[in-house]
Amino acid sequence: MGINNVKIKKDFGKLKNWINNSEAESTTKTYIDLITPYTGEVIGQVPIGTNDDVNRAVKSAYEAFKVWSNV
């Protein structure tokens, strides 16, 4: 399959964060465009994380470390 036959998903919508092994809504109201370098088209929006988003992710990582550090 040549590069001209590549199918690109056109609309990812508003993406979510990935926290605690699942999608998590951001508390932000600010998003930036997700642009494919293949065509330069906007294919979605990415949340600008807030302090609350980061704190939830760090707390999740800390809890996961307690378990995984024993593996």
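1. Valine 71 sits in the segment that follows helix H1, which spans residues 51-68. The model is a predicted one. Valine 71 counts as exposed because its relative accessibility is 75%, and the cut-off for that class is over 50%.

2. Valine 71 also belongs to a nonpolar patch on the surface, together with Val67 and Trp68. The accessible area of Val67, Trp68 and Val71 together is about 400 Å². Helix H1 runs from 51 to 68, and valine 71 comes after that helix.

3. The salt-bridge count for the model is 5. The general background is brief: side chains of opposite charge can pair when their charged atoms come close. Three of the pairs are taken up in the points below.

4. Aspartate 52 and arginine 56 form one of the salt bridges, with an N to O distance of 3.8 Å. The criterion is a nitrogen to oxygen distance within 4 Å, so a pair at 3.8 Å qualifies. Both residues lie in helix H1, 4 residues apart, which is about one turn of the helix. Aspartate 52 has a relative accessible area of 39% and is therefore partly exposed. Arginine 56 is partly exposed as well, at 29% relative accessibility.

5. Arginine 56 has a second acidic partner in aspartate 53, and the N to O distance of this salt bridge is 2.8 Å. Aspartate 53 and arginine 56 are 3 residues apart in helix H1, again about one turn. Is aspartate 53 buried or exposed? Aspartate 53 is buried, because its relative accessible area is 4% and the buried class covers values under 20%. Its partner arginine 56, at 29%, is partly exposed.

6. Lysine 66 and glutamate 63 make a further salt bridge, at 3.4 Å from N to O. Lysine 66 and glutamate 63 are separated by about one helical turn, because they stand 3 residues apart in helix H1. Lysine 66 is partly exposed, with a relative accessible area of 39%. Glutamate 63 is also partly exposed, and its relative accessible area is 39%.

7. Which residues are joined into one network by salt bridges that share partners? They are Asp52, Asp53 and Arg56. Arginine 56 pairs with aspartate 52 at 3.8 Å and with aspartate 53 at 2.8 Å, so arginine 56 is the shared partner under the salt-bridge rule.

Technical notes
Residues are numbered from 1 along each chain as its sequence is written. This is a predicted model: local features need pLDDT of at least 70, side-chain atom pairs count only at pLDDT 80 or more; totals for chains, interfaces and linings use all residues. Side-chain values use heavy atoms; hydrogens and water are left out. Patches are made of residues with over 30% relative accessible area and no salt bridge: like charges are joined within 9 Å, nonpolar side chains (Val, Leu, Ile, Met, Phe, Trp, Tyr) within 5 Å. Accessible areas come from the Shrake-Rupley method with a 1.4 Å probe; for residues, only the protein chains shown count as cover. A salt bridge is a side-chain nitrogen of Lys or Arg within 4 Å of a carboxyl oxygen of Asp or Glu. Helices (H or I, at least four residues) and strands (E, at least two) are DSSP runs, numbered from the N terminus. Buried means under 20% relative accessible area, exposed over 50%, partly exposed in between (1.4 Å probe, protein chains only).
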